[in-house]
Amino acid sequence: MSNLRRLRPLVLPKDTTKINPGPSPQPILLKVSQLRINDDYQRQLSRDSARMAIKIAKEFDWELYHLLVVSPLDEIDEITKLPLYEVMDGQHTGIGAVSNGNVTELWCWQGRKNETLESRAGSFKKLNTQRTSVTPVELFWASVTSKDENALEVVEACERSGAKIVKRPKPYGDMHIGETICTAPLMNLASKGGRLYVQRVLKVAVDLNLAPIGLVWILALEDLLLKQHSPHYVEGIPATVDLQVVNAVGRIGVENLFSSAKMSNASTSIKDRQSVYWWLAYYIKKEIESHDRGR
């Protein structure tokens, strides 16, 4: 119970004007045929939002359901003769629920009656600005708490490699060696090869004294150490290869290497352009090969 905290009110400035919200609305149950989305101000489904709706459809759970916010319209459905409502917030949830195939009615919060199109668009704007987005790091720690296998593998890899995932954001300049906020690529590594994949990349990053361990470095080290079909993959006994990478970066210098990668990325023609991490891996491998030939 030690991690539970109360909802404590903030101290507002003395001259703050607070609007009286009035009585709380009651949820209403509407048939999906009564719901409409207005394209004048609502977002079109993108590839990412369609993917999100599909995920909701496959995993629909009433206990995790967020009520849609709707506004009554002065129109009726031509077939059912039921009144229509405009969805002001929650279209992805609604589309996902309907796509599930087992949901024919949805619980909704009813907005003010007789709203104009302009006021509904204004409500949409408020609904989408009066909230804070959940960060990938916050989602990661939620995954750890829920005993997600990949998240637990990442945590163990951090403990064994000396790396650390920062729980609360802080300026890049204040981050220490081995700290990172790049949870998504580490979770991706865990899904591919478990703890050992994550641990190997993080151990080399820590040995390179990276502060913080950024996304481009995680991707570059994955390219060098783990992707056998990558043009940068270095064959050999893992411990030997890891040491080669650390020594190669040490000879070039982290800052010099990163600057060269950015310059190469910017100067390459658009059709041949590669990501910065690709150039990092390229220069590290080039240095390893050059050093081996010189011995």
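In the predicted model, Lys31 belongs to strand β1, which comprises residues 28–31. The relative accessible area of Lys31 is 38%, a value between the 20% limit for buried residues and the 50% limit for exposed ones; Lys31 is therefore classed as partly exposed. Beyond residues up to four places away in sequence, Lys31 touches Leu82, Thr104 and Glu105. The C-alpha atoms of Lys31 and Gly194 are 45 Å apart in space, with a separation of 163 residues in sequence.

Glu222, in turn, is part of helix α7, residues 215–225. With a relative accessibility of 5%, Glu222 falls under the 20% threshold and so counts as buried. When neighbours within four places in sequence are set aside, the contacts of Glu222 are with Leu189, Lys192, Val201 and Lys227.

Helix α1 was examined with respect to its length and its faces. The helix contains 12 residues, 47–58, for which a rise of 1.5 Å a residue predicts a span of 16 Å; the C-alpha atoms at its ends are 17 Å apart, in agreement with that expectation. Within α1, the buried residues are Ser49, Ala53 and Ala57. These residues cover an arc of only 90° around the axis and therefore lie on the same side of the helix. Such an arrangement can be related to the geometry of the α-helix: with 3.6 residues a turn, residues three or four places apart point the same way. The other side of α1 carries the exposed residues Arg47, Asp48, Ile54 and Lys58. Helix α2, residues 91–99, is included in what covers the buried residues of α1.

Helix α1 also contributes to the largest pocket, since the largest share of the lining, four residues, comes from this helix. The volume of the largest pocket is about 1,400 Å³. Its lining consists of 28 residues, of which Met52, Ile56, His66, His92 and Thr93 are the closest to the centre of the pocket. At least two lining residues are supplied by each of α1, β4 (83–89), α2 and α3 (117–129). Classified by residue type, the lining of the largest pocket comprises 12 nonpolar, nine polar and seven charged residues. Helix α2 thus appears in two contexts, as part of what covers the buried residues of α1 and as a contributor of at least two residues to the lining of the largest pocket.

Key
Residues numbered from 1 in each chain as written. Predicted model: local features only at pLDDT ≥ 70, side-chain atom pairs only at ≥ 80, totals over all residues. Heavy atoms only, no water. Expected span 1.5 Å × (residues − 1). Buried < 20%, exposed > 50% of the residue type's maximum accessible area, 1.4 Å probe, protein only. Arc of directions from axis to C-beta. Contact = heavy atoms within 4.5 Å. 1 Å grid on protein atoms, 1.4 Å probe; cavity = no way out; pocket = protein on both sides within 12 Å on 5 of 7 lines; lining within 4 Å. Points joined across faces, edges and corners; volume = space filled by probe spheres on them. Nonpolar A, V, L, I, M, F, W, Y, C, P; charged D, E, K, R; others polar.
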